[in-house]
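Student: I would like to learn how to read helices and buried side chains from a model. Could we work through a few cases together?

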Amino acid sequence: MNKSFAALAINFVGFQLLWFVAVYGAAKGWGWAAWLVLAAMQAGVWALNRAWRADLALLAAGAVACVLFEPIWMAPGLIEYVDWPRRWVAPDWIWALWLGFAVSFNYCLAWLRPKLLLAALFGAFGGVFSVTVGINFGAATTPQGWWLLALSYGAVWSMVVPALAYLARRLDEERGRYA
């Protein structure tokens, strides 16, 4: 098995585990463990490919996206995270999810980079599916109803996923040109 495939596999499995630990963990009061999974996932990937600089920009993009988009759902009360009273700042496990998702565009989601329309569809449906499962696990509630949250989630994620895919592609092109 070559190192790039192994890094992709670690990212894929790591992100699935990250999502589960973050969401199920939040419902059970141990969402903080998502940071341990994110750190282990990145350490495993970086041990294989040493591309930590390439990942930093996407990790930062994930943090910026969390700051920009979580308040869209939190401030008007479309979503309330379990044991989290704040309406403008997401809980720690949500931050870990945003960072882990964003960096995956260098690995298991790299196939979406050139397919921005597909990325938009993937974002719209995947975002709604993900939040719905998280709600059913007990990590959050929808005080104003599921439909309103689902519509806003679908709209936002249909833009976020292609934006992250495009950013990852542009960063990769720049590295190839200037490296």
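**Reading helices and buried residues**

Tutor: Let us begin with Val161, which lies in helix H6, spanning residues 146-178, and keep in mind throughout that this is a predicted model.

Student: Is Val161 buried or exposed?

Tutor: A residue counts as buried when its relative accessible area is under 20%. Val161 has a relative accessible area of 1%, and therefore it is buried.

Student: Which residues does Val161 contact, leaving aside its neighbours within four places in sequence?

Tutor: With those neighbours set aside, Val161 is in contact with Phe101, Phe105, Leu112, Ala119, Phe122 and Gly123. Of these, Leu112 is 49 residues apart from Val161 along the chain, yet their C-alpha atoms are separated by 8.8 Å.

Student: How should I read Asn11 in the same manner, and in which helix is Asn11 found?

Tutor: Asn11 is found in helix H1, residues 3-28, and it counts as buried because its relative accessibility is 0%. Beyond residues up to four places away in sequence, Asn11 touches Met41, Val45, Val103, Ser104, Tyr107 and Cys108.

Student: What can the span of helix H3 tell me?

Tutor: One compares the reach of a helix with the expected value: H3, residues 52-74, has 23 residues and reaches 32 Å from its first C-alpha to its last, close to the 33 Å expected.

Student: Where is the kink in H3 centred?

Tutor: The kink, of about 30°, is centred on Cys66, and Cys66 is itself one of the buried residues of H3, which also include Ala65, Glu70 and Pro71.

Conventions:
Residues are numbered from 1 along each chain as its sequence is written. This is a predicted model: local features need pLDDT of at least 70, side-chain atom pairs count only at pLDDT 80 or more; totals for chains, interfaces and linings use all residues. Side-chain values use heavy atoms; hydrogens and water are left out. Helices (H or I, at least four residues) and strands (E, at least two) are DSSP runs, numbered from the N terminus. Buried means under 20% relative accessible area, exposed over 50%, partly exposed in between (1.4 Å probe, protein chains only). Contact means heavy atoms within 4.5 Å. The expected span of a helix is 1.5 Å times one less than its number of residues. The bend at a residue is the angle between axes fitted to the seven residues ending there and the seven starting there.
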